Amino acid sequence: MEGLAAVAQVLLYYLLPAFAGPTDGIAMVLLILLGTLVLSGALGMGSGKKGKFLYPVLAAVLFLPSVLIYYNESAWVHSLWYFAVSAFGVGAGSLIRYLFLALQGKGKK
């Protein structure tokens, strides 16, 4: 699952800006942030692997080369936003999974 999320994240970072127009900047950033949140939330709700908590670091690092391709040096800070949004998504997804399992009585005892 982590591999699929990483591939989808790369597609968000590198294909979306390739098709964006010069006036689509804010919408593109918001769409990438939303996509990052959805991907990391789905990853958090997935299996109980501990490696999913490294995904926010991966999401931030995967963005860095796109700064050199599409943006100027002011975009470096966006990697921190993608880290934060991804960390929130993984945490929220994990919490939702935990609560769902607890309500079913299948939580860890």
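Here's a quick look at one helix pair, the main nonpolar core and a residue called Phe 83. Keep in mind that this is a predicted model. Helices α4 (residues 55-70) and α5 (residues 78-103) pack against each other, and both also supply at least two residues to the largest nonpolar core.

**How α4 and α5 pack**
- The two helices meet at an angle of about 155°, and their axes sit 8 Å apart.
- Angles over 145 degrees count as roughly antiparallel, so that's the label for α4 relative to α5.
- Their crossing is right-handed.
- On the α4 side, the contact uses Tyr 55, Pro 56, Val 57, Ala 59, Ala 60, Phe 63 and Leu 64.
- Facing them from α5 are His 78, Ser 79, Tyr 82, Phe 83, Ser 86, Ala 87 and Val 90.
- By type, the residues of this contact split into 11 nonpolar, three polar and no charged.

**The largest nonpolar core**
- This core has 17 residues, and Tyr 13, Ile 32, Tyr 55, Phe 63 and Tyr 82 touch the most other members.
- Helices α1 (2-14), α3 (25-45), α4 and α5 each chip in at least two residues, with α3 giving the largest share at five.
- Leaving out residues up to four places away in sequence, Ile 32 touches Leu 12, Tyr 13, Leu 16, Tyr 71 and Tyr 82.

**Phe 83 in α5**
- Phe 83 belongs to helix α5 and counts as partly exposed because its relative accessibility is 38%.
- Not counting residues up to four places away in sequence, Phe 83 touches Pro 56, Val 57 and Ala 60.
- Between Phe 83 and Ser 94 there are 16 Å, C-alpha to C-alpha, for a separation of 11 residues in sequence.

Note on methods: Residues numbered from 1 in each chain as written. Predicted model: local features only at pLDDT ≥ 70, side-chain atom pairs only at ≥ 80, totals over all residues. Heavy atoms only, no water. Axes fitted to C-alpha atoms, helices over the stretch in contact; angles between N-to-C directions. Helix = DSSP H or I, 4+ residues; strand = E, 2+ residues; numbered from the N terminus. Parallel < 35°, antiparallel > 145°, perpendicular 65-115°, else oblique. Left-handed = near helix turned anticlockwise from the far one by under 90°. Contact = heavy atoms within 4.5 Å. Nonpolar A, V, L, I, M, F, W, Y, C, P; charged D, E, K, R; others polar. Core = buried A, V, L, I, M, F, W, Y, C linked by side-chain atoms within 4.5 Å. Buried < 20%, exposed > 50% of the residue type's maximum accessible area, 1.4 Å probe, protein only.
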